[in-house]
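Please work through the exercises below with the sequence and the structure open beside you, trying each task before reading its solution.

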Amino acid sequence: MTVSAERRAVDGVRGWVGFVVGFGLIWATLQLTSSPVPTPLRSAGACVATVLCAVVVVIVLWRVPLRGAGGAVGLGRPAPPALLVAAGVVLLCAVGYLLFTPLTGRPLGTPEGWLGLLLGVFLFNGVAEEVAWRGYVFGALRQGRSFWRAVLLSMPLLALTHVPIALNSGLLVGIAAMIVAAVTTLPFAYLYELGGRTIWAPALVHAAVDTFRALTVDPADTMVFSLYVSAVALTVPLVAFPLGKLVRRSPRAVQKG
């Protein structure tokens, strides 16, 4: 079931106030349920809480029927071309992180239970955060607006939500995180649209970028690793654009999409 553009449009004082209040509730849910260590159980709880909050918000705010609320926040069936592109970007992200030691000469390791941590990263940083950022924020701002205008409107909001990182990890890392959040709005929004306005493709890439949470470095190398992660996050997801063009030119992908 689709949701009418009139219901989802963010326009006028009332529309913007409702949009901001709804986002505040979803973002607060993310913050309250987040964990420094993305264990599967904690991340699953955070994911469920965030999805439920987003569903309630769109039901109340947009008056979406219950059966259509999941689709309204991007939880519909994704188009195959987007998943193909996401898989390619995920692979490149993995290669990028594996090159950390050869390029810097600093050791990179994995903690005990790292596979479980990867699952936790996908559930929280992938699914939960993408429900908030793309499913709710970009999905609402896109109604009645061009792709690029919706991206530009969502950039500042997403960047501001990363300000706490500056308080916890230092100004340099915080600024880098804000820049990454703003820039990655482009490829993540593109994947959201390529996937039929669903969050699954950007969730895969978002999780791949945040796999650094399941990696370990020497404490003395934390700053270098943080900047390296920022470089990977700023460049690799942008490959989604040329990959998307290649996939869309494929006759088989066009038929499936």
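The exercises that follow concern a predicted model, and each task is followed by a solution in steps.

**Exercise 1. The core**

Task: Determine which residues touch the most other members of the largest nonpolar core, and which helix gives the most to this core.

Solution: Begin with the core itself, which holds 66 residues, and among these Val58, Tyr136 and Val137 touch the most other members. Next, turn to the helices: helix 7, which spans residues 114-142, gives the most to this core, with 12 residues. Finally, take Val137 as an example and set aside residues up to four places away in sequence; Val137 then touches Phe19, Phe23, Ala132, Ser154, Leu157 and Leu158. As background, in soluble globular proteins nonpolar side chains tend to be buried together.

**Exercise 2. Two buried residues and their contacts**

Task: Decide whether Thr185 and Ala203 are buried or exposed, and list what each of them touches beyond its neighbours in sequence.

Solution: Start with Thr185, which is placed in helix 11. Its relative accessible area is 1%, and because buried means under 20%, Thr185 counts as buried. Leaving aside neighbours within four places in sequence, Thr185 is in contact with Arg134, Val151, Ser154, Met155 and Leu158.

Proceed to Ala203, which is found in helix 12 and is buried, with a relative accessible area of 0%. When residues up to four places away in sequence are not counted, Ala203 touches Phe122, Gly126, Val127 and Glu130. For one of these contacts the separation can be stated: Ala203 and Phe122 are 81 residues apart in sequence, yet their C-alpha atoms are 7.2 Å apart in space.

**Exercise 3. The faces of helix 14**

Task: Find which residues of helix 14 are buried, and explain why they can be said to line one face of the helix.

Solution: First pick out the buried residues of helix 14 (residues 240-249), which are Ala240, Gly244 and Val247. Then look down the helix axis: these buried residues fall within an arc of 65 degrees, so they line one face of the helix. The general rule behind this is that an α-helix has 3.6 residues a turn, so residues three or four places apart point the same way. Lastly, check the other side of helix 14, where Lys245, Leu246 and Arg249 are exposed.

**Exercise 4. Positive phi outside glycine**

Task: For Arg63 and Arg197, state what phi is, where each residue lies, and how accessible each one is.

Solution: Consider Arg63 first, whose phi is near 55 degrees, a positive value in a residue other than glycine. Arg63 is in the loop between helix 3 (40-61) and helix 4 (66-72), and it counts as exposed at 64% relative accessibility. Arg197 likewise is not a glycine and has a positive phi of about 55 degrees. Its place is in the loop between helix 11 (185-194) and helix 12 (200-209), and at 32% relative accessibility Arg197 counts as partly exposed.

**Exercise 5. A nonpolar surface patch**

Task: Identify which residues form a nonpolar patch on the surface, and describe how accessible Val17 is.

Solution: The patch is formed by Val13, Val17, Val21 and Leu25, which together have about 380 Å² of accessible area. Of these, Val17 is found in helix 2 (residues 12-33), and its relative accessible area of 48% makes Val17 partly exposed.

Terms used. Residues numbered from 1 in each chain as written. Predicted model: local features only at pLDDT ≥ 70, side-chain atom pairs only at ≥ 80, totals over all residues. Heavy atoms only, no water. Buried < 20%, exposed > 50% of the residue type's maximum accessible area, 1.4 Å probe, protein only. Helix = DSSP H or I, 4+ residues; strand = E, 2+ residues; numbered from the N terminus. Arc of directions from axis to C-beta. Patch = residues over 30% accessible without salt bridge, like charges linked within 9 Å, V, L, I, M, F, W, Y side chains within 5 Å. Areas by Shrake-Rupley, 256 points an atom, 1.4 Å probe, with all protein chains shown as cover. Salt bridge = Lys/Arg side-chain N within 4 Å of Asp/Glu carboxyl O. Contact = heavy atoms within 4.5 Å. Core = buried A, V, L, I, M, F, W, Y, C linked by side-chain atoms within 4.5 Å.
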